[in-house]
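Reader: I'm new to reading structures, and I'd like to understand one part well. Could you take me slowly through the aromatic rings and what surrounds them?

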Amino acid sequence: VAPVFGIRAWAAFDGTLTGTNAPAAGGNVASITRNSVGDYTITFSIPMQDADYAFAISGGNTAGVLLYKQKDGQNKNASYFPLSSYSSAGVLTDVASISIFFIR
């Protein structure tokens, strides 16, 4: 029988809000900062045990297909997760509705 692994953190948030905000809903996420267009930092309330966690993201925008990834030049760590969102044209873009979860 395979072991059960639980979600360690999750959040639903509006990526168009400026500054640092609490997620609209979530668990173990202290804040989400919109650093600039399409550039976010998700800070955990209680850090992960290490940076070897997985994540999954979904969201929508009227601009079409979006691509999400760990921010260029920054590695995820136990305390926070750097996130970038792109339009299908490869341009950083804000997203009004983003959901993300982290599992370890």
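Author: Happily! A residue is called buried when its relative accessible area is under 20%, exposed when that value is over 50%, and partly exposed in between, using a 1.4 Å probe and protein chains only. Arg-34, at 16% relative accessibility, therefore counts as buried, and we will return to it. This is a predicted model, where local features need pLDDT of at least 70 and side-chain atom pairs count only at pLDDT 80 or more, while totals for chains, interfaces and linings use all residues. Residues are numbered from 1 along each chain as its sequence is written, and side-chain values use heavy atoms, with hydrogens and water left out.

Let's get our bearings. The chain has nine strands and zero helices (DSSP runs numbered from the N terminus: strands are E with at least two residues, helices H or I with at least four). Of its 104 residues, 33% count as buried.

Now for the rings. The structure holds six aromatic pairs (rings of Phe, Tyr and Trp, the last by its six-membered ring, with centres within 6.5 Å; planes under 30 degrees apart are stacked, over 60 edge-to-face, and the rest tilted). One of them joins Tyr-53 and Phe-102 edge-to-face, with 5.7 Å centre to centre and 80° between the planes. These partners come from distant parts of the chain, 49 residues apart: Tyr-53 is in the loop between β5 and β6 (54–60), and Phe-102 is in strand β9 (residues 97–103). Both Tyr-53 and Phe-102 are buried.

Another pair is Phe-55 with Phe-81: the ring centres are 4.5 Å apart and the planes meet at 55°, so this pair is tilted. Phe-55 belongs to strand β6 and Phe-81 to strand β8, so the two rings tie together parts 26 residues apart in sequence. Compare their surroundings: Phe-81 is buried, at 0% relative accessible area, whereas Phe-55 is partly exposed, at 30%.

Step back and the rings form a group, because ring pairs link Phe-44, Tyr-53, Phe-55, Phe-81 and Phe-102 into a cluster. A charge joins the scene too: Lys-76 lies over the face of Tyr-53, at 4.6 Å from the ring centre (NZ of Lys or CZ of Arg must be within 6 Å of the ring centre and within 35 degrees of the ring normal).

Next, look at strand β8 (residues 80–87), the home of Phe-81. Seven of its eight residues are buried, so β8 is largely enclosed by the rest of the structure. Strand β5 (residues 39–44) runs antiparallel to β8, and five bridges join the two (strands pair if DSSP finds at least two bridges between them). Among these contacts, Thr-41 has Pro-82 in β8 as its bridge partner.

Finally, the charged side chains. There are two salt bridges (a side-chain nitrogen of Lys or Arg within 4 Å of a carboxyl oxygen of Asp or Glu). In one, Arg-34 meets Asp-94 at 2.8 Å, N to O. It links Arg-34 in strand β4 (residues 29–36) to Asp-94 in the loop between β8 and β9, 60 residues apart. Asp-94 is buried, with a relative accessible area of 16%.

In the other, Arg-104 meets Asp-50 at 2.7 Å, N to O. Arg-104 lies in the segment after β9 and Asp-50 in the loop between β5 and β6, so this pair ties together parts 54 residues apart in sequence. Here Arg-104 is partly exposed at 28% relative accessibility, and Asp-50 is partly exposed at 24%.
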